[in-house]
Structures are given as structure tokens and as C-alpha cells.
Amino acid sequence: MVTVAAEKKKASLIIIGGGVVACATAYNLAKKGMNDIIVLEKKEIGNGGSCRNAGGVRQSARDVRELPLAMYAVSNIWPTLSDELDVDVEYVQRGNLRLGKTEAHIKTLTGITKKSTDAGLDVKMITGDEAREICPYMSDEVIGASWCPTDGHANPLHTTLGFYRKALQAGVTFISGVKVNGIRKYRGRARFVDTDDGVYEGDNILLCAGWESRAIADTVGIELPIIREFSECMVTEMEPDMFPVMLGTAESDFYGGQTKHGSFVMGGMCGMEPYVSEKDRFITNSVTAPCLSRGIIKYFPVLKDVKIIRTWSGWYDVCKDKVPIIDNISEVPGLTIAAGFCGHGFGISPATGLAVSELILDGESHTIDISGLKYDRFRAKA
Ligand SMILES: Cc1cc2nc3c(=O)[nH]c(=O)nc-3n(C[C@H](O)[C@H](O)[C@H](O)COP(=O)(O)OP(=O)(O)OC[C@H]3O[C@@H](n4cnc5c(N)ncnc54)[C@H](O)[C@@H]3O)c2cc1C
């Protein structure tokens, strides 16, 4: 562990965790004139899911409570984000097919599609043959799919580090290599942040440390129902332009697509995840990658000889009811939490950054409806 002795230890806002949510929030706050911010990251910026994800920017197959974030991001932020951040975030908007191979899959997809269309999203169910017209390399095992033409994908590294660089340029302080151990209250408000590098102090504190937020929130008596789940991704050699769309499945056993330069980036679950330990996370390839690949080949036999050049893994921060907690915590004034993005927080991150900046500055998110993501949904009902 590298420990830095930072000179600046007091700010209007201390952000715990240096992922895309932290960087996008810091950027949005700085844009509005609040740059007296310290971001504390235990390793490197983007160390968590933010620089390990598959880049899916998806509105379809989301819980309706987080759909406003996804739809706002796609309609208002992603199309111009490269210009805004002065970096090519490689945003591609060519649709998402979510595939089904069984009647049970089709029932699942039909249910979520109906809820999404009721909420105003342009998504519909199509047949297996219609799906093969959009993506001709798909196996005959696919009998139907949901189709959302406005979904897409982007480059997670460019996006996360793009937000980071813009926030840095606007005066935000980022400190890497400092592990946060807990939060302490002063006169009833969250105020002090205990770290391996001593105590930091903020008028407000934003906790967005992925699955590790749970232990930190616990130090001020806040129980977050968030656990971690292992997930693996892989990138292949470059292939000719074959798959314009982003792909997923009813069972979420794999997802991914073809990047602008031709490589496929695909990830998913293979059933071995619960048996992976933290120590194993860098050496899982011999078991998990072939298992994941076999699943993908069942959907796309044409990919059977494509060479994988690298695999990597990360942890999903999975909240009990599969949507994040984004809220000012009334039990601990001064504390805002944005965590539990359940393996799909990248696509909504530009909108999350905006919503969280409004929570911190104005006490509520007035641009995007995040009322379904409040912490008090877990409070015992009277
Ligand atoms: C393999 C994989 C594939 C994914 N694919 C997609 C996808 O295609 N589309 C999509 O939308 N989403 C996807 N996701 C999910 C997405 O990456 C996350 O939802 C998103 O990055 C969450 O961002 P975050 O900033 O909340 O958390 P993180 O990126 O996890 O950042 C949290 C940060 O907090 C730091 N931290 C933790 N504890 C401490 C501490 N004690 N002190 C200081 N710092 C600390 C961590 O080091 C980390 O950098 C995927 C995730 C994984 C792992």
C-alpha cells in the first residue's frame, strides 16, 4: 500500500472511492462552481468496476426505478460526452438485443419490455428470425429477443478517466493510495473520515466506494444491503465488422459486443463465481473463461475460433433489490451515498453524476427522478 501524506485534509466535500460515480459527480459539482473537493481512492482512479466493465450503455431490461437515469443519460449526455470531456469515449448507439432461448426466457423478456414501454422507452419484442436479420451470426437456438434501438456501448476507461481529468482541471483534489477506514460524526453530522493517512474533514461526505461502501457506512450505523459478486470479461483479437449491436441474454449469462476497432468485448457469469476468492481474482482464466466462452458459442457458433487475447475480472456491488441506493441519508446528516449499482452502473454514470451533484448542492435531484432509489425503501414499515 502506498501511503501519501496529503497536505490538504479539509474540504467542502470528501468523496470516498475514485470510480466513475465519484469522477462524474466531482466533474458536475466543479462545473457548477464547487471544486473544494477531495476524492480519496485506496488504489488508483478507476480501480473498481469503472475501468473493468464491458461498456454497455443500456436502457432496456432495467428496473423502472433506475430507468429515468438511463433514459436521461442516453437522450441528453452520451451523444455529446466526447465533446464535453475532450476525449473520444467511443460511444456507439446501434441498439441492444437481449436474447431468449426458451419460453421462460421469452416470458421474462416480455414482462420487463412491457414495464419499460409503459415507462416510455422505445423497446419491443421481436422473433428469433427478426433478431437474426439484425445480427445474422446468431444460432437458431435463439427464439426471440427484446430490441432497443437506442441502446449502445462506450469505452469505460476513456469515460472514467475523461471525467477524472476534467474534474482535476477544474480544481478537484484526487488522492490515490489512501484507504478509508470509517466515518465519524461531529455534533450529529458526518464530518471526519478516518484513513491510513490520518483524518480528513468535510462539510459533506459522499460515499461511493462500490461494494466496500457497506463496511464504511457501518461505522456510522448505516446498514447497506450490498454484497459483492465476481464477474469476468474478455477481449478477442480484431475481427471484421460483424456485430453492430450490443448483446445480452434473458438469463444475463453473457453480454457484450464488438468495439469500433473490431475486438469483441464480452463478459458474463459462468456459475463458478461463488467459488472465486479475492486471491484468485487474477488467476481465474483457466476455469472461468472457457466456461464463459462455451456459453457464448452456444449463441454465436461463428465465434468458436476467435482468439481471446486477455481476460480480467471485477466485483459487482449488488444491492438487495437490484437497484442502487442514491440518497442523502437522513439518519446521518451530511452523508450522501451512491452505491449498489448491481453490475450496470456504467451506462447510467453520466446521469448519476448529475443527480448526485444536485443531491449535494440542492438537497434533491430535480432534473432526474431518482425517488425510487432512496435508502429508506429498506426501512422497516410501521
Ligand atoms: C466485469 C464487469 C463488467 C461490467 N459491465 C458493465 C456494463 O457493460 N455496463 C454497465 O453499465 N455496467 C457494467 N458493470 C458495472 C459498472 O462497472 C459499475 O456499476 C460502476 O463502475 C460502478 O461505479 P462506482 O464508481 O460506483 O464503483 P467502482 O468503480 O467500484 O469504484 C469504487 C472505488 O472505491 C474504491 N474504494 C473501495 N474501498 C475504499 C476505501 N476503503 N477507501 C478508499 N477507496 C475505496 C475502489 O478502489 C474503487 O476504485 C460491470 C462491472 C464489472 C465488474
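Start with the two domains: their centres, taken over C-alpha atoms, are 29 Å apart. Select 10–52 + 157–225 + 321–377 for domain 1 and 96–149 + 227–319 for domain 2; these bounds come from an automatic or database domain assignment. The model is predicted, so local features need pLDDT of at least 70 and side-chain atom pairs pLDDT 80 or more, while totals for chains, interfaces and linings use all residues. Residues are numbered from 1 along each chain as its sequence is written, and side-chain values use heavy atoms, without hydrogens and water.

Next, show the boundary between the domains. Here 15 residues of domain 1 are in contact (heavy atoms within 4.5 Å) with 13 residues of domain 2. About 1200 Å² is buried between them, 56% of it from carbon and sulfur atoms; buried area is the accessible area (1.4 Å probe) that two parts lose on being put together, summed over both. On the domain 1 side, select R52, W211 and P225, which lose the most area to domain 2 and together make up 53% of what that side buries.

Now select the ligand and the residues with a heavy atom within 4 Å of it. There are 37, and E41, N47, S50, G345 and G347 are the closest. Both domain 1 and domain 2 supply at least three residues of this shell.

Finally, zoom in on H344, G345 and F346. A backbone N or O atom lies 3.2 Å from a ligand oxygen atom in H344, 2.9 Å in G345 and 3.0 Å in F346. The ligand alone exposes 1000 Å² (Shrake-Rupley method, 1.4 Å probe), and the protein buries 96% of that.

Definitions and conventions:
Polar contact = N/O pair within 3.5 Å; in protein donor to acceptor, adjacent residues only side chain to side chain.
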